[in-house]
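Biologist: Before I rely on any label attached to this model, I should like to hear the reasoning behind it. Could we go through the labels in turn?

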Amino acid sequence: MKIKDLPKTKQLTKTCVCCGKKIKILVYKNKTYRGGHYFGKIPLHKEKDINIAIKNTRKIKIGSIVVDVLKKDPNPYGYAEYWECPECY
Ligand SMILES: [Zn+2]
């Protein structure tokens with residue numbers, strides 16, 4: 001069976017997070033898609049919440065370096081889909 005013979009449910013337009021290019025995603029009835037690469041959802045944070053969170057850190061040592069670790073992650077206000085186009089993948 002050829003790809004074009006598969007029943008197509010919908011066509012989505014997504015934005016590549018790497019280059020910002022619009023990518024066309026074809027979604028088929030068997031839940032497969034082509035045209036881009038989907039990596040799941042990423043949390044979105046308000047700048048205000050990040051600024052609060054980064055003031056509240058503790059130092060931990062990893063090997064010979066000391067890094068700041070957030071005591072508490074900022075609460076996300078939503079989630080965005082993470083897509084990459086075939087060139088960036
Ligand atoms: Zn891209």
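The exchange below sets each label beside the value on which it rests.

Biologist: What kind of model is this, and what pLDDT does the protein chain average?

Modeller: This is a predicted model. The protein chain averages a pLDDT of 90, and 91% of the residues score at least 70. Among the elements, strand 1 (residues 8-15) has the lowest mean pLDDT, 88, and strand 7 (residues 78-84) has the highest, 95.

Biologist: Which elements make up the protein chain, and in what order do they run from the N terminus?

Modeller: There are 1 helix and 7 strands. From the N terminus on, the order is β-β-β-β-α-β-β-β.

Biologist: How do you know whether the radius of gyration of the protein chain fits that of a compact globule?

Modeller: For 89 residues, a compact globule would have a radius of gyration near 12 Å, whereas the protein chain has 19 Å. The C-alpha trace spans about 60 × 30 × 25 Å along its principal axes. Buried residues make up 3% of the 89 residues.

Biologist: Why is lysine 41 called exposed?

Modeller: A residue counts as exposed if 12 or fewer other C-beta atoms lie within 10 Å of its own. Lysine 41 has 12 other C-beta atoms within 10 Å, so it is exposed. Lysine 41 belongs to strand 4 (residues 37-44).

Biologist: What makes strand 4 an element that lies largely in the open?

Modeller: The test for a buried residue is 20 or more other C-beta atoms within 10 Å. Of the 8 residues of strand 4, the number buried is 0, so the strand lies largely in the open.

Biologist: How do you know that strand 4 and strand 7 pair?

Modeller: Two strands pair if at least two bridges are found between them. Strand 4 and strand 7 are joined by 6 bridges and run antiparallel; they therefore pair under that rule. The bridge partner of lysine 41 in strand 7 is glutamate 81. Apart from residues up to four places away in sequence, lysine 41 touches Tyr79, Ala80, Glu81 and Tyr82.

Biologist: Why is tyrosine 82 called partly exposed?

Modeller: Partly exposed residues fall between the limit of 12 or fewer for exposed and 20 or more for buried. Tyrosine 82 has 15 other C-beta atoms within 10 Å, and is therefore partly exposed. Tyrosine 82 is located in strand 7. Its C-alpha atom and that of lysine 41 are separated by 5.7 Å, although the two residues are 41 residues apart along the chain. Beyond its neighbours within four places in sequence, tyrosine 82 is in contact with Val17, Phe39, Gly40, Lys41 and Ile42.

Biologist: Why does lysine 22 count as exposed?

Modeller: The limit for exposed is 12 or fewer. Lysine 22 has 10 C-beta neighbours inside 10 Å, so it counts as exposed. Lysine 22 is placed in strand 2, and its contacts, leaving aside neighbours within four places in sequence, are Thr13 and Thr15.

Biologist: Why is alanine 53 called partly exposed?

Modeller: Alanine 53 has 16 other C-beta atoms within 10 Å, so it is partly exposed. Alanine 53 lies in helix 1 (residues 47-55). Not counting residues up to four places away in sequence, alanine 53 touches Leu70, Lys72, Asp73 and Pro74.

Biologist: How do you know that strand 5 is hardly covered, and how many bridges join strand 5 to strand 6?

Modeller: Among the 6 residues of strand 5 (residues 57-62), the count of buried residues is 0. Strand 5 and strand 6 (residues 65-70) run antiparallel, joined by 6 bridges. Isoleucine 62 stands opposite isoleucine 65 in strand 6. The hairpin of these strands has 2 residues between them, and glycine 63 there takes a positive phi near 65°.

Biologist: What makes the phi of lysine 31 worth noting?

Modeller: Most residues other than glycine have a negative phi. The phi of lysine 31 is near 70°, a positive value in a residue other than glycine. Lysine 31 sits in the loop between strand 2 (22-28) and strand 3 (33-34). With 7 other C-beta atoms within 10 Å, lysine 31 is exposed.

Notes
Residues are numbered from 1 along each chain as its sequence is written. This is a predicted model: local features need pLDDT of at least 70, side-chain atom pairs count only at pLDDT 80 or more; totals for chains, interfaces and linings use all residues. Helices (H or I, at least four residues) and strands (E, at least two) are DSSP runs, numbered from the N terminus. The radius of gyration is taken over C-alpha atoms; the globule rule is 2.2 Å times the number of residues to the power 0.38. Two residues are in contact if their C-beta atoms, placed from the backbone, lie within 7 Å. pLDDT is the predictor's confidence in each residue, from 0 to 100.
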